[in-house]
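Work through the exercises below with the sequence and the model side by side, and try each task before reading its solution.

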Amino acid sequence: MNQTMLSLLAFAPLVLAAVLLVGFNWPAKRAMPAVLVLSVVIALGAWGMSTNRVIASILQGLILTGAVLWIIFGAILLLNTLKHSGAIKAIRGGFANISPDRRVQVIIVAWLFGCFIEGASGFGTPAAVAAPLLVALGFPAMGAVMLGMMVQSTPVSFGAVGTPIVVGVTGGLDKAGISSQLLAKGSDWEVFYRLITSEVAITHALIGFVIPLLMCAMLTRFFGANKSWREGLAIAPFALFGGLAFVLPYAAAGVFLGPEFPSIIGALVGLSIVVPAAKMGFLLPKKTWDFAEAKDWPVHWMGSIEIKLDQLTAKAPMSVGLAWLPYLLLAGLLVLSRVHPGVKAFFSNNLVLGWSNILGEKGLSGSIQ
């Protein structure tokens with residue numbers, strides 16, 4: 001069998017997943033077992049893998065899944081803690097008091113806060129957190145969802161504390177084989193790993209700074225009373241400023257610190273710059289933009305959604321600073337555990353479940369940190 005045919009066969013499971021999930025709208029619990037069966041058939045029939053190695057590979061995949069689920073568990077636990085303690089309502093109120101201009105709220109809430117949530121939690125949580133906040137601020141639900149989806153762009157490769165790079169590169173590539181080739185050429189895995197991280201961060205940054213402007217333009221064009229692109233583009237100076245305030249520290253973190261930090265640091269630095277600037281009116285257009293009266297919105301803009309603010313608060317009010325404290329502690333612990341050798345060694349050596357050479361198969365390993 002020639003190389004082209006082998007490549008097509010290797011790509012076939014991905015095609016099947018797309019067809020079943022998107023084309024036939026199958027749920028993942030039905031589609032992915034079918035993809036697994038096809039992958040096993042190809043592995044045994046075309047690639048000539050042994051049954052033992054196929055089983056070991058499946059176990060490696062389950063271990064990687066466990067690592068991802070552990071991160072999701074932490075993210076959801078934190079989110080629900082903030083919700084039931086009243087922190088989410090305090091954060092929402094803090095955003096609402098910065099500016100009445102809906103475009104400014106898009107840049108701060110959807111873009112910067114959404115990027116932070118993606119960096120800290122990942123896995124679609126910006127849409128789950130930022131979109132409801134926007135609805136609570138008075139945005140139509142469909143517009144909030146659109147913005148929540150658009151923010152899933154620049155920060156995503158470093159979402160959930162760098163999971164796509166950390167898990168994808170480390171678990172998705174033949175680390176042992178690539179390392180041997182790198183060593184033969186006078187390099188090593190760490191240099192290669194940092195290069196991938198840097199290239200991804202710089203590539204995203206080159207286009208990411210215009211995303212806030214695109215978000216504002218989409219909002220005014222499809223959800224404004226005048227259906228105007230120009231009303232969104234009118235905030236271009238502030239939107240580009242907000243974009244650069246995120247992507248510059250984002251790219252620097254990717255180059256100098258590693259994959260865990262770009263989205264978190266970019267968002268925190270961006271918020272610390274953009275929020276005071278918005279309060280001072282820096283680069284803001286003279287005319288404030290808002291939606292038409294809610295009673296004039298098309299029904300499909302809201303659907304059957306109902307935001308119950310009483311579910312976002314506790315009995316006692318909470319300050320904005322206290323509401324943000326868990327996220328600040330999370331960011332601080334992440335930085336400390338990556339830049340301090342002793343702390344990093346403690347986590348790496350003690351708080352990890354690892355498996356090497358699964359079922360005796362060389363090169364197949366996995367860990368849950």
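The exercises that follow concern a predicted model, and they go from the whole chain to a single residue.

**Exercise 1.** Find how many helices and strands the protein chain has, and where confidence is lowest and highest.

*Solution.* Begin with the secondary structure, which comes to 16 helices and 2 strands. Next, take the confidence of the whole protein chain, where the mean pLDDT is 87 and 94% of the residues reach 70 or more. Finally, look at the extremes: confidence is lowest in helix H6 (residues 125-137), at a mean of 76, and highest in helix H11 (residues 211-223), at 97.

**Exercise 2.** Decide whether the radius of gyration of the protein chain agrees or disagrees with that of a compact globule.

*Solution.* First, note that a compact globule with 369 residues would have a radius of gyration near 21 Å. The protein chain has 23 Å, and therefore the two agree. As a further step, consider the contacts with a separation of 6 or more, of which 72% are accounted for by residues 24 or more positions apart. Buried residues, in turn, make up 39% of the 369 residues.

**Exercise 3.** Place phenylalanine 73 in the protein chain, and say whether this residue is buried, partly exposed or exposed.

*Solution.* Start with the position: phenylalanine 73 belongs to helix H3 (residues 51-85). Then apply the cut-offs, by which buried means under 20% relative accessible area and exposed means over 50%. Because its relative accessibility is 47%, phenylalanine 73 counts as partly exposed. Last, compare with leucine 147, which is 74 residues from phenylalanine 73 in sequence and 25 Å away in space, C-alpha to C-alpha.

Technical notes
Residues are numbered from 1 along each chain as its sequence is written. This is a predicted model: local features need pLDDT of at least 70, side-chain atom pairs count only at pLDDT 80 or more; totals for chains, interfaces and linings use all residues. Side-chain values use heavy atoms; hydrogens and water are left out. Helices (H or I, at least four residues) and strands (E, at least two) are DSSP runs, numbered from the N terminus. The radius of gyration is taken over C-alpha atoms; the globule rule is 2.2 Å times the number of residues to the power 0.38. Buried means under 20% relative accessible area, exposed over 50%, partly exposed in between (1.4 Å probe, protein chains only). Contact means heavy atoms within 4.5 Å. pLDDT is the predictor's confidence in each residue, from 0 to 100.
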